[in-house]
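Morning, everyone. I have one structure for today, and I will go straight through it. Please look at the screen.

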Amino acid sequence: MKLIHLIFGLVIAGISFQLYQQKPLQQSINDGEEIYMDFCLQCHQQNGKGVSGVFPPLAQSDYLLSDVNRSIFAIKYGLKGSIIVNGKSYNSVMVSQGLDNEEIADVMNYILHSWGNESEENVTQERVESTLKK
Amino acid sequence: MNLNSFFFLMISVTLIINCDAQENGPKIQTPKTVDYTFEVVADSIDIPWGLTFLSTDEMLVTDKSGILYHIKEGVKTEVEGLPPIYVRGQGGLLDVAISPDFETSNLIYLTASSPLGEEPGGHTALYIAKYENFKLLDLELLYKGDYNTKKGQHWGSRITFDNDGHVFFSIGDRGNREVNPQDITRDGGKIYRLNLDGSIPEDNPFVDKDNSRKAIFSYGHRNPQGMTIHPETGKVWVHEHGPRGGDEINVIEAGKNFGWPVITYGINYSGTPITDKTEDEKMEQPLYYWLPSIAPSGMTFSSSGVYPDWKGNLFVGSLKFEYLERLILKNNTVVAREKVLDSIGRVRNVEEGPDGHLYLGVEGKGILKIIPKK
């Protein structure tokens with residue numbers, strides 16, 4: 001019986017540790033804004049609208065909102081080749097910006113909750129970490 | 001609405017529209033006749049930043065992601081022995097250039113974003129190494145900017161040489177414009193000058209100033225990604241990215257202050273002003289400024305007679321508008337601008353090869369050579 005209590009206690013401690021580690025979403029969005037201004041704004045623009053035909057939009061972007069993992073992967077490893085965003089074709093190169101997993105999670109949360117984007121997602125550092133090259 | 005307030009409204013609207021539409025001439029032209037074409041000499045390079053020729057048919061090309069390619073007859077081979085590269089934001093492996101005495105020394109220079117140092121982050125560094133059979137040997141760090149920062153912006157960088165045994169290289173303001181460019185005791189926002197062996201020239205402008213960085217040649221720069229020697233005057237020409245508007249061409253001179261961010265023709269990306277000053281008696285005016293910004297990268301003069309009419313013209317890559325810009329100068333004034341290879345892609349670099357042809361680094365494509373039609 002004592003053993004069960006001990007295991008139970010450890011599990012609870014583990015979960016609370018995990019929860020404690022997890023950055024609150026609003027904090028992550030705020031940190032992500034700073035990353036965005038530093039690394040993304042020049043192409044995707046302050047308003048997230050990009051430059052039509054050259055740099056795809058993030059604001060109300062079907063490419064972003066319909067598959068979040070795809071965008072995590074793109075920020076982590078870079079993206080090239082032709083993609084279709086909101087019915088328009090884009091064929092530029094986005095190279096990896098050298099962001100760490102926490103920074104990628106933060107900037108994802110920022111773009112998923114800015115410029116009228118609505119998303120249930122809360123991207124965690126662990127999720128970015130487990131996004132691996134195929 | 002009465003007639004007066006209607007006119008007032010119309011004038012206001014016109015003014016607001018014109019605010020951003022202000023252009024600095026001469027207006028860019030599309031050529032009426034095109035008597036040149038291009039061929040791809042090396043394909044599939046994401047960001048071909050630097051390009052230097054080892055011989056007429058052999059070149060070294062950097063890819064910003066941290067690859068140095070040896071290229072001969074279209075075959076790319078990765079060169080081993082690079083220093084640690086800090087790929088972050090606009091940083092990575094940057095420029096490459098053979099030493100003026102390469103034929104006898106086999107030496108090349110490299111600039112790269114470097115994580116070396118105590119603080120987290122990185123800063124731009126200049127290296128020298130011997131090139132031999134796809135390898136860099138005796139790699140030596142000649143200069144490293146500090147203090148490191150995790151900012152992604154404004155590393156520069158370009159390398160060039162004058163005819164008096166100096167190497168010049170650029171470092172951008174490293175995303176800290178309020179502190180770095182105007183402070184000669186800190187790195188960033190500067191053009192640097194060293195002797196070819198990396199030592200500080202005795203006549204550098206700030207060698208006698210306390211606490212100054214002795215390698216500084218000129219300051220008050222934002223993010224210089226184009227630098228070349230004028231084939232006749234031997235002076236160093238530099239261009240730099242402005243913010244929104246205000247990309248500049250400057251002919252640099254020892255100890256001169258080029259003004260960033262105290263004076264500029266640009267505004268913040270957000271549209272808010274940086275300063276209301278475009279000139280100051282203690283600071284230099286650009287030879288030319290681009291408004292709107294073309295996002296210039298790479299620069300060379302055409303000094304050969306390979307292309308009819310292009311001799312003495314200046315060529316600059318445009319990342320933003322995806323063409324090579326040809327600038328015609330008269331008495332150090334830009335009198336005409338023309339698009340070369342419109343819509344070719346983001347032009348990261350342009351160099352004149354030993355064969356007198358112009359070679360372009362185009363992002364996602366590779367190295368292109370411009371060929372005159374017979």
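Enclosed space comes first: the count is 1 cavity of 30 Å³ or more, in what is a predicted model. How much space lies in the largest cavity? About 40 Å³. Its lining is made up of B:R222, B:E240, B:H241, B:G242, B:G246, B:E248, B:F258, B:W260, B:I263 and B:T264. Sorted by class, that lining has 3 nonpolar, 4 polar and 3 charged residues. The general idea behind the search is that rolling a probe the size of a water molecule over the atoms shows where empty space is left.

One of those lining residues, B:W260, also belongs to an unusual backbone spot. The peptide bond that joins B:W260 and B:P261 is cis, and omega there is about 0 degrees. B:P261 sits in the loop between β17, residues 247-251, and β18, residues 288-290, of chain B.

While I am on the backbone, there are further exceptions to list. As background, most residues other than glycine have a negative phi, and most peptide bonds are trans. A cis bond also runs from B:D146 to B:Y147, with omega near 5 degrees. B:Y147 is in the loop between β10, residues 135-144, and β11 of chain B. Then phi: B:S44 is not a glycine, yet has a positive phi of about 55 degrees. B:S44 is placed in the loop between β2 and β3 of chain B. B:E73 takes a positive phi too, near 45 degrees, in the hairpin of β5(B) and β6(B), where 2 residues lie between the strands.

Staying with that hairpin, β5 covers residues 67-72 and β6 covers residues 75-78 of chain B; they run antiparallel and are joined by 4 bridges. Which residue in β6(B) is the bridge partner of B:H70? That is B:T77.

Now the open pockets, or rather one of them. The second largest pocket holds about 860 Å³ of space. There are 36 residues in its lining, and those nearest the centre are B:T52, B:I98, B:F161, B:E351 and B:E352. Which element gives the largest share of the lining of the second largest pocket? It is β3(B), with 5 residues. Elements of chain B that each supply at least two lining residues include β3 (48-55), β7 (93-98), the helix α2 (102-105) and β11 (159-161). Further along the chain, β15 (223-229), β19 (296-301) and β23 (347-352) of chain B do so as well. The class breakdown for this pocket is 17 nonpolar, 13 polar and 6 charged residues.

Two of those strands also take part in sheets I want to show. In general, strands of a sheet pair through backbone hydrogen bonds, either parallel or antiparallel. Take β23 to begin with: in chain B, 4 strands form an open, antiparallel sheet in the order β2-β25-β24-β23. Its edges are β2 (36-43) and β23 of chain B, each pairing on one side only. From one strand to the next the twist averages 25 degrees. Inside this sheet, β24 (residues 358-362) and β25 (residues 366-372) of chain B run antiparallel and are joined by 4 bridges. B:L360 stands opposite B:L368 in β25(B).

Next is β11. An open sheet of 4 strands in chain B has the order β11-β12-β13-β14, again with antiparallel pairing. The edge strands here are β11 and β14 (216-219) of chain B, and each pairs on one side only. Neighbouring strands of this sheet are turned by 20 degrees against each other on average, direction ignored. β11(B) is joined to β12, residues 166-171 of chain B, by 3 bridges, and the two run antiparallel. B:I159 stands opposite B:F169 in β12(B).

Last item, the interface. How many residues of chain B are in contact with chain A? The number is 16, and they touch 17 residues of chain A. About 1,300 Å² of area is buried between the chains, and carbon and sulfur atoms give 46% of that. On the chain B side, B:D46, B:R88 and B:Y269 supply 36% of the area that chain B buries against chain A, more than any other three residues.

That is what I have. I can put the pocket or either sheet back on the screen.

Technical notes:
Residues are numbered from 1 along each chain as its sequence is written. Chains are lettered from A and ligands numbered from 1 in the order in which they are written. This is a predicted model: local features need pLDDT of at least 70, side-chain atom pairs count only at pLDDT 80 or more; totals for chains, interfaces and linings use all residues. Side-chain values use heavy atoms; hydrogens and water are left out. On a 1 Å grid over the protein atoms alone, a cavity is a set of points where a 1.4 Å probe fits but cannot get out, and a pocket is an open set with protein on both sides within 12 Å along at least five of seven lines; lining residues have an atom within 4 Å of a point. Grid points are joined across faces, edges and corners, and a volume is the space filled by probe spheres set on the points. Ala, Val, Leu, Ile, Met, Phe, Trp, Tyr, Cys and Pro count as nonpolar, Asp, Glu, Lys and Arg as charged, and the others, Gly among them, as polar. Two strands pair if DSSP finds at least two bridges between them. Axes are lines fitted to C-alpha atoms, for helices over the stretch in contact, and angles run from 0 to 180 degrees between N-to-C directions. Contact means heavy atoms within 4.5 Å. Buried area is the accessible area (1.4 Å probe) that two parts lose on being put together, summed over both.
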